[in-house]
Amino acid sequence: MIDDMNNRITSFLMRGQIPVQVQQEQPVQEAAPVEQQAPRYKEQKDNFDEMHEAQRQAANQDTRERPQQRHEPIVHDKMPRPNDPCPCGSGKKFKNCHGKGLR
């Protein structure tokens with residue numbers, strides 16, 4: 001729902017444009033004063049919904065050429081108990097060496 005609202009708001013905001021005055025060449029003798037000339041604006045409308053859908057489809061395509069590598073899961077050894085000796089070889093109990101702060 002929020003994504004749909006964002007898309008509609010973005011589409012509405014992207015349609016807003018800054019008007020550009022188109023100047024026509026007129027002979028110098030017939031030129032009216034600048035204040036009396038009516039501004040001529042160029043209006044253009046684009047269908048942003050179709051463009052957005054095309055971009056979404058392009059983003060979902062997989063462009064990688066090589067196959068994905070399969071990763072093996074990491075298997076941890078048995079976790080030492082708190083009163084067992086630390087596996088680092090310090091001679092201390094696990095809870096006082098590398099096991100500090102685990103529990």
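Met1 sits in the segment before helix α1, which covers residues 2–15. In this predicted model, Met1 is exposed, with a relative accessible area of 79%. Met1 also belongs to a nonpolar surface patch of about 620 Å², which it makes together with Met5, Ile9, Phe12 and Leu13.

**The protein as a whole**

Here is some background for finding your way around. The protein has 2 helices and 0 strands. Its chain is 103 residues in length, and 6% of these residues are buried. The protein exposes about 10,800 Å² of surface, and 51% of that area comes from carbon and sulfur atoms. Take the contacts between residues at least 6 apart in sequence: 20% of them join residues at least 24 apart.

**Along helix α1**

Let us return to the start of the chain. How many salt bridges does a search of the whole structure find? The search finds 1. The side chains of Asp4 and Arg8 meet in a salt bridge, with a distance of 3.5 Å from N to O. Why can such a pair form? Side chains of opposite charge can pair when their charged atoms come close. As for their places in the chain, Asp4 and Arg8 are 4 residues apart in helix α1, so about one helical turn separates them. Asp4 counts as partly exposed, at 43% relative accessibility, while Arg8 is exposed, with a relative accessible area of 52%.

Ser11 lies in helix α1 too. Is Ser11 buried or exposed? Ser11 is buried, and its relative accessible area is 8%. The side chain of Ser11 is joined to that of Arg15 by a polar contact of 3.2 Å. Ser11 can also be paired with a residue much further along in numbering: Asp49 is 38 residues away along the chain, and the C-alpha atoms of the two are separated by 7.2 Å.

**Cysteines and a histidine after α2**

The next stop is the part of the chain that follows α2. Helix α2 spans residues 48–60, and His98 is found in the segment after it. Cys97 has its place in the segment after α2 as well.

His98 counts as exposed, at 53% relative accessibility. Which residues does His98 contact, leaving aside its neighbours within four places in sequence? They are Cys86 and Cys88. Cys86, by comparison, is buried, with a relative accessible area of 7%.

Cys97 touches Cys86, Cys88, Ser90 and Lys92, if residues up to four places away in sequence are not counted. Cys86 and Cys88 therefore appear among the contacts of His98 and among those of Cys97, as the cut-off for a contact is heavy atoms within 4.5 Å.

How many disulfides does a search of the whole structure find? The count is 0. For Cys86, the closest cysteine sulfur is in Cys88, 3.5 Å away, and this is too far for a bond because a disulfide needs sulfur atoms within 2.5 Å. Cys97 is in no disulfide either: its nearest cysteine sulfur, that of Cys86, is 3.6 Å away.

**C-alpha distances side by side**

The table gathers pairs of residues with their separation in sequence and in space.

| Pair | Apart in sequence | C-alpha to C-alpha |
|---|---|---|
| Ser11 and Asp49 | 38 residues | 7.2 Å |
| His98 and Cys86 | 12 residues | 7.0 Å |
| Cys97 and Pro82 | 15 residues | 9.7 Å |

**Looking back**

To retrace the route, begin at the exposed Met1 and find the salt bridge between Asp4 and Arg8. Go on to the buried Ser11 and its polar contact with Arg15. Finish at Cys97, whose contacts include Cys86 and Cys88.

Methods: Residues numbered from 1 in each chain as written. Predicted model: local features only at pLDDT ≥ 70, side-chain atom pairs only at ≥ 80, totals over all residues. Heavy atoms only, no water. Buried < 20%, exposed > 50% of the residue type's maximum accessible area, 1.4 Å probe, protein only. Areas by Shrake-Rupley, 256 points an atom, 1.4 Å probe, with all protein chains shown as cover. Patch = residues over 30% accessible without salt bridge, like charges linked within 9 Å, V, L, I, M, F, W, Y side chains within 5 Å. Salt bridge = Lys/Arg side-chain N within 4 Å of Asp/Glu carboxyl O. Polar contact = N/O pair within 3.5 Å; in protein donor to acceptor, adjacent residues only side chain to side chain.
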